[in-house]
Amino acid sequence: MKGFMKRWILSCMAFMWVSVICGQNKFVVSGYVTDSKSGEELIGAAVSIQEIPAAGVYTNEYGFYSLSVPQGKLTIAVSLIGYEYLSVPVDITKSVKLNLDLTQKITRLGEVTVSSEKRNDNVTRNQMGIDKLNIQEIKNLPSFFGEKDVLKTLQLLPGIKSAGEGNSGFNVRGGTTDQNLILLDGATVYNPSHLMGFFSVFNPDAIKDVTMYKGSLPAEFGGRLSSVLDIRMDDGNNKKIEASGGIGLISSRLTVGGPLRKERGSFIVSARRTYADLIVRGLARAGVLKDTTLRDPKLYFYDLNAKANYRFTEKDRVFLSGYFGRDVLGLPDFGFDWGNSTATVRWNHLFNDKLFLNTSLIFNNFTYTISNGSTVDPINIVSKIRDFSVRQDYQYSSGHNNQVRFGFESTWHRMVPGTITGADTNTVFKSLPVSNSVESSVYFSHTLNLTQHLNINYGLRISEFSLLGDAPFFIYSSYNYADSAKSIVDSTRKVISYIRPEPRFSVNYVFNDRNSVKASYTRNVQYLHLLSNSTTGSPTDMWIPSSYNTLPEISDQYAFGYYRNFASNNWEFSAEVYYKSLFQQVDYINGAILNFNSNVESQLLYGKGRAYGLELLLKKKYGRFSGWIGYTLSRTERRFEDINRGAWYPARQDRTHDVSVVAIYEFPRKWTFSSTWVYNTGNAVTFPKGVYVIDNRPVLLYTDRNGNRMPAYHRLDISVTKQFTERKNYRSSLTFSLYNAYSHDNAWTITFRQNDKTGQIEAVQTTLFKLVPSVSYDFRF
């Protein structure tokens, strides 16, 4: 292994330095690509040279590009979905700075439509397994209770599966929900859901860019096995004040943004709150609801997004951003609240026209509190996980499509799994051991265009994890069926550390501007583990660090894909196959007790897994009619020595077939119709195989784990939007939606009980949602 890593590093360095030397006899055109109306920098805009088709780059996360060009008269071309195609003639005699403004077409609520130049990014882009969401697409699709949802839209794409009915949790290519790294302006969001998972914490009005990496992860990302969801908040309009918002059945939202100083800095503040508690309180006090405990309920969630940025010099810019959200559920004798807080400080510095630096200081905090609601003997249960991070990311551009990225990151994790206190928080009745750990990494990656048809990306991430703390660490025996537990065999106070290399490689061969094939290999390592008995996840799930017993999880993913555009890039097709090997996976002993267990690792089992599948996507990108059809054929399995006699068995998130159909049509006279239809095989579950009687009471007999299936799931959602005539810069629209339009009884849970009359054991299906209508009103001025 050491010899392999040494050869890998030396080969990477040789490639990198040869390419840098080859790119030194070029001039450089560099700058920022911005929205001509708002002044916001645009992410992922394609900047190329018309005379040299192979020469091209994409703007980075801050809208910056750097393109090496030869001397002479050339044409710089810029394209981005939703913007007019831009071409600028230049006469290159030296390196120049060239900032480029793209213009939107205004239609519904001032949002963007299609580009006059249709892009073929899926064919030419080096990396595979990347999905980018258009914010307008999210707003056009049918919604649940009128709430537009980023995470639910992602679940309509191949390889990304919903964790349950109406749930924002998702599984990617056989991974569990905790194996997805979710970032908001670089800060980790540990629990991305409101109301026990029915809504996500991401307000679309505050979001600028959504990118999902499920295949070849860039080397700058790590810490999770399955995917990275990189969400970037809006920067705000640096030219004028603007506001937007919406009113729905259960919540309202308002967003305000504008310049701090015109064309130098901007801000945005976006807030959202539900008012179910106000409706219930009003009905209870009016006598419609007879339950007196509902006269003063607590049932709401809120979000607050805020961001500001300022350009101090042409080379220096600072960003401040934060998110604050919380759920509150409470009755007189019970209270439960949880939420995320994040804060990010970023400094962009441009050393020269080739070298770009971003430095970030990041804080995130997730907490939950359960209280008994008593004023006499109050008891509170508190749990939290808190991170402090620092990272630096460098980007160096040299030659045609020749880019090097490198940097480092270090994060301090503090996990408080549970503390029981009284009215005075200093009065602690019981507390689980607090864990502290440090997770660090260094990385580099190199994107290189070897020929006009062949380009590669290779990189290496080296991660290190150290478990710290004053409390002793326990070491457990193997699982014993007779005792149904693991016993403590030793303890130590010695700090334990792990160092793991994570190589990444991808290659793209472009036959022409319509066809390409890609292949990739990615290794990921995960040092934090989520313990949950729920398939969808809940706020009370427990995170634990890697330790003497729980080793870092590892995945090796191999992928191959074919990509084809046709009909002048109006349509795109992709087919990807993947195989993923998973090591040091975590499962639980039968009857595991996870909540408030100081020896929770005694309840864990360790094994391996595998996931493989085929993902097909056919997408119509432009025109009045747009949408896509996605299909996933997959298998996800686990193998543990102490489960199912050591045989391979389906993981809980295993679903053989997954289909999604999305259609959006813009009629004349400002009407838009959209619909989605989804179908999937039921999740793997464990049902009883028989029943026996003890003391005249039936006891269910369970055998193989996950040996059964929930019923297949399918649902149709539809929506219609009417855009009203604009009056004095005030634009508005009204949207009607139907969730589960044909009212299918989808199984949320299946439980077993004894029939009081016949004495037989019967299965009882619970359906969560049938036909759910909603209406929302949106505005912008």
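Two strands count as paired if DSSP finds at least two bridges between them. By that rule, strand β12 (residues 180-184) and strand β17 (residues 227-233) pair in the parallel sense, over 5 bridges. One place to look is Asn180, whose bridge partner in β17 is Ser227. This is a predicted model, by the way, with a mean pLDDT of 84 for the chain and 86% of residues at 70 or more.

That strand pair sits inside an open, mixed sheet of 5 strands, running β9-β16-β17-β12-β13. At its edges are β9 (130-133) and β13 (187-188), each pairing on one side only.

Stepping back, the chain has 5 helices and 51 strands. Of its 781 residues, 56% count as buried. Take the contacts between residues at least 6 apart in sequence: 65% of them join residues at least 24 apart. About 32,800 Å² of the chain is exposed, with carbon and sulfur atoms supplying 58% of that.

Now for the charges. The whole structure holds 39 salt bridges, and here are a few of them:

| Pair | Closest N to O distance |
|---|---|
| Arg405 and Glu61 | 3.6 Å |
| Asp235 and Lys208 | 3.0 Å |
| Arg705 and Asp587 | 2.9 Å |

Arg705 sits in the loop between β45 (697-701) and β46 (708-709), while Asp587 is in strand β37 (residues 571-588), so this pair links parts of the chain 118 residues apart. Both Arg705 and Asp587 are buried.

The Arg405 and Glu61 salt bridge has its N and O atoms 3.6 Å apart. Arg405 belongs to strand β26 (residues 403-421) and Glu61 to the loop between β3 (52-58) and β4 (64-69), so the pair ties together parts 344 residues apart in sequence. Arg405 counts as buried because its relative accessible area is 18%, and Glu61 does too, at 19%.

Back at the sheet, Lys208 of strand β16 (residues 207-213) reaches Asp235 in the loop between β17 and β18 (242-247), so parts 27 residues apart are tied together. Asp235 and Lys208 are both buried. There's also a salt-bridge network linking Asp131, Arg173, Lys214, Glu576 and Glu615.

On the outside, a nonpolar surface patch of about 630 Å² is made by Leu320, Val345, Leu361, Val390, Phe408, Val442, Ile462 and Ile499. Val442 lies in strand β28 (residues 435-449) and is partly exposed, with a relative accessible area of 44%.

Finally, a word on confidence: pLDDT stays under 50 over residues 15-25, where the model has 18 contacts beyond four places in sequence. Residues 107-118 also stay under 50, with 51 such contacts.

How values were computed: Residues are numbered from 1 along each chain as its sequence is written. This is a predicted model: local features need pLDDT of at least 70, side-chain atom pairs count only at pLDDT 80 or more; totals for chains, interfaces and linings use all residues. Side-chain values use heavy atoms; hydrogens and water are left out. Patches are made of residues with over 30% relative accessible area and no salt bridge: like charges are joined within 9 Å, nonpolar side chains (Val, Leu, Ile, Met, Phe, Trp, Tyr) within 5 Å. Accessible areas come from the Shrake-Rupley method with a 1.4 Å probe; for residues, only the protein chains shown count as cover. A salt bridge is a side-chain nitrogen of Lys or Arg within 4 Å of a carboxyl oxygen of Asp or Glu. Helices (H or I, at least four residues) and strands (E, at least two) are DSSP runs, numbered from the N terminus. Buried means under 20% relative accessible area, exposed over 50%, partly exposed in between (1.4 Å probe, protein chains only). Contact means heavy atoms within 4.5 Å. pLDDT is the predictor's confidence in each residue, from 0 to 100.
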